[in-house]
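Me: Could you go through this model with me? I'd like to know what backs up each label you put on it.

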Amino acid sequence: MSLIRGLARFFRHDAAGGVVLMLSALLALIVANSGLSGAYQGWLMTPFSVLLDGEGLSKPLIRWINDGLMAVFFFLIGLELKREMMEGKLRNPADVMLPGMAAIGGMIAPALVYLAFTWPDPAARAGWAIPAATDIAFAVGVLALLGKRAPATLKIFLLTLAILDDLGAILIIALFYTHGLQPGYLVLALIPLAGLFLLNRARVHRIAPVVLFGVVLWVLVLKSGVHATLAGVVTAFFVPLRDRYGKSPLHSLEHALSPYVLFLIVPVFAFANAGVVIQGLTLSSLVSALPLGIAGGLVIGKQAGVFLTTWALVRLGLARLPEGVGWAHVYGLACLAGIGFTMSLFIGGLSFTDQARMNEVRLGVLTGSALSALLGYAVLRRAARPGTRSGTTGSRVSKAASARADGRTG
């Protein structure tokens with residue numbers, strides 16, 4: 001019973017998702033470089049088909065994970081975005097401006113750093129968006145390790161930045177990672193889209209019809225050439241915030257889905273995509289343009305983009321720092337924003353199909369994310385020390401802010 005209670009406490013902790021994600025990546029790294037490597041690769045390439053009268057979908061397991069399971073991940077992101085826009089941190093434009101502009105700066109700067117390293121290689125430029133996104137679970141998990149030593153408003157700032165960062169990543173995927181567009185399937189996709197619209201207008205109580213239309217939409221979007229995960233986001237925006245009985249299908253679905261995404265779907269994705277093959281790696285491999293561009297974008301670009309944008313807006317009088325947050329906290333947060341991991345690996349898989357390239361992508365993402373996590377934790381831990389000017393302001397954070405920050409688990 002004590003073990004069960006201990007596990008229950010662990011899974012309720014904000015850091016739990018990041019820990020499980022890290023263990024999944026570590027397991028992938030071990031398996032990919034062991035005697036099980038062949039079985040691991042064979043498992044990922046196992047064909048899986050869903051056919052009706054010979055017609056349907058037939059893909060290797062890795063594509064079902066990246067296109068199918070990750071659509072559920074993006075569906076949850078869509079639910080969070082809608083909730084935040086309608087009644088949360090994204091409802092008030094004044095509260096969105098500073099983290100929103102920091103998120104934009106934190107996407108542009110890493111892309112520029114990446115391109116600076118990879119510009120001589122035209123093929124490598126396709127991955128310019130890999131270091132542009134932040135992994136919410138990992139970043140919030142590292143921040144949670146600091147406990148109450150970090151101001152509660154800092155967590156709100158990080159969550160808002162990461163949510164808007166995810167929105168930016170979704171737009172990038174939609175605009176720049178659509179290949180072989182087939183308009184006929186997009187026209188057909190309007191049928192389930194119309195069904196979702198009518199269900200939302202009717203403020204339906206049952207979720208099953210919404211999910212059914214969402215699955216049909218996913219298949220048609222996948223066939224159209226637009227990346228299928230976007231169907232998850234679109235479907236989420238048609239889940240009613242309030243049904244005709246005054247209850248919230250959106251809240252219920254988000255609450256029910258979060259543990260499965262955090263502790264099953266994302267770890268499975270990490271296990272399938274984080275297996276860097278170390279054999280044959282040399283120092284020249286570590287400093288080649290692609291992994292160096294990704295790691296540089298995550299570590300240097302994210303810091304520069306988030307911190308300098310925030311500094312400029314505050315100095316110009318266009319925004320002000322959240323209560324209890326000092327510049328050391330902002331710099332630590334800018335470091336944590338460089339934890340790309342899930343989204344970076346995902347965009348890397350959209351950018352390259354060659355396994356040698358993907359191994360370099362994994363190497364750059366894991367290196368850059370690990371350095372960003374360690375640096376961010378060290379900076380924020382030092383900022384929280386007694387006597388540190390920016391660390392002593394945390395006591396002024398209101399109880400209401402603490403409650404709002406604790407209400408979301410990433």
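**What backs up the labels**

Me: How do you know that the length of helix H9 agrees with what a helix should span?
Reply: Helix H9 (residues 208-224) has 17 residues, and at 1.5 Å a residue they should span 24 Å; the end C-alpha atoms are 24 Å apart, so the two agree. The expected span is 1.5 Å times one less than the number of residues. Helices here are DSSP runs of H or I with at least four residues, strands are runs of E with at least two, and both are numbered from the N terminus. By that count the protein has 17 helices and two strands. As for ground rules, this is a predicted model, where local features need pLDDT of at least 70, side-chain atom pairs count only at pLDDT 80 or more, and totals for chains, interfaces and linings use all residues. Residues are numbered from 1 along each chain as its sequence is written, and side-chain values use heavy atoms, with hydrogens and water left out.

Me: What comes just after H9?
Reply: Gly225, which takes a positive phi of about 100 degrees.

Me: Why is Ala103 called buried?
Reply: Buried means under 20% relative accessible area (exposed is over 50%, partly exposed in between; 1.4 Å probe, protein chains only). Ala103 has 3% relative accessibility, so it counts as buried. Ala103 sits in helix H5 (residues 93-118). Contact means heavy atoms within 4.5 Å, and beyond its neighbours within four places in sequence, Ala103 is in contact with Leu161, Leu164 and Asp165.

Me: What makes Lys302 and Asp165 a salt bridge?
Reply: The term asks for a side-chain nitrogen of Lys or Arg within 4 Å of a carboxyl oxygen of Asp or Glu. Lys302 and Asp165 meet at 2.9 Å, N to O. Lys302 lies in helix H13 (residues 289-315) and Asp165 in helix H7 (residues 152-176), so the pair ties together parts 137 residues apart in sequence. Both Lys302 and Asp165 are buried.

Me: Which residues are joined into one network by salt bridges that share partners?
Reply: Arg83, Glu84 and Glu254. Arg83 meets Glu84 at 3.0 Å, N to O, and Glu254 at 2.7 Å between the closest N and O atoms. Glu254 lies in helix H11 (residues 249-273) and Arg83 in helix H4 (residues 61-87), so this pair ties together parts 171 residues apart in sequence. Glu254 is buried at 9% relative accessible area, and Arg83 is buried at 16%. The whole structure has six salt bridges.

Me: How do you know that the protein agrees with a compact globule?
Reply: The rule is 2.2 Å times the number of residues to the power 0.38, with the radius of gyration taken over C-alpha atoms. For 410 residues that gives a radius near 22 Å, and the protein has 21 Å, so it agrees. Buried residues make up 52% of the 410.

Me: Which element has the lowest mean pLDDT, and which the highest?
Reply: pLDDT is the predictor's confidence in each residue, from 0 to 100. Helix H17 (residues 399-406) has the lowest mean at 43, and H13 the highest at 95. The protein averages 85, with 91% of residues scoring at least 70. Over residues 387-410 the pLDDT stays under 50. Where pLDDT is low, the predicted coordinates should not be read in detail.
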